[in-house]
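Here is a short tour of a fold, written to be read with the structure open beside you. Take a moment to turn the model around before going on.

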Amino acid sequence: MKQFEYTIQDALGIHARPAGLLVKEAKGFSSTATIAKGDKKSDMRKLMALMGMGIKQGDVVTVTVEGEDEEACAAALEKFLTENL
C-alpha cells in the first residue's frame, strides 16, 4: 500500500475537467486508488463520486493506492495532482 497527502492548489478545487482527467489517469492502472478528505472517501475511478466530495482549494487530501502496480500508480497520481491541481 502506498499513501501520500496533497494540498489542492487550484482555485476551483477538483472541478469537472481535471476530475475527468484524474479519473482517466487512475483507470490506466490495475491498482485501486482512493482519495479521502476528512471522513469522506471515494474511488478515484468514479467521476461523480470524486466530484461529489466537494474538494476545494486548500483542502488536504489523502491518496491511497493498493495493487500490483501501486508504485507506478501512486507516482503518476502524485505527478498529476502536482501539475494540474
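Two strands count as paired if DSSP finds at least two bridges between them. Strands (E, at least two residues) and helices (H or I, at least four) are DSSP runs, numbered from the N terminus. This is a predicted model, in which local features need pLDDT of at least 70, side-chain atom pairs count only at pLDDT 80 or more, and totals for chains, interfaces and linings use all residues. Residues are numbered from 1 along each chain as its sequence is written, and side-chain values use heavy atoms, with hydrogens and water left out.

Let us begin with the sheet. Its 4 strands form an open sheet in the order 1-4-2-3, with antiparallel pairing. Strand 1 (2–7) and strand 3 (40–43) are the edges, each pairing on one side only. Strand 2 (residues 32–37) and strand 4 (residues 60–66) run antiparallel and are joined by 5 bridges; here Ala-33 stands opposite Val-65 of strand 4.

Now for helix 1. Its 12 residues (16–27) should span 16 Å at 1.5 Å a residue (1.5 Å times one less than the number of residues), and its end C-alpha atoms are 16 Å apart, which agrees.

Its two faces are listed here, with buried meaning under 20% relative accessible area and exposed over 50% (1.4 Å probe, protein chains only).

| Class in helix 1 | Residues |
|---|---|
| Buried | Pro-18, Ala-19, Leu-22, Val-23, Ala-26 |
| Exposed, on the face turned away from the buried side | Arg-17, Lys-24, Lys-27 |

The buried residues of helix 1 pack against helix 2 (47–51) and helix 3 (contact: heavy atoms within 4.5 Å).
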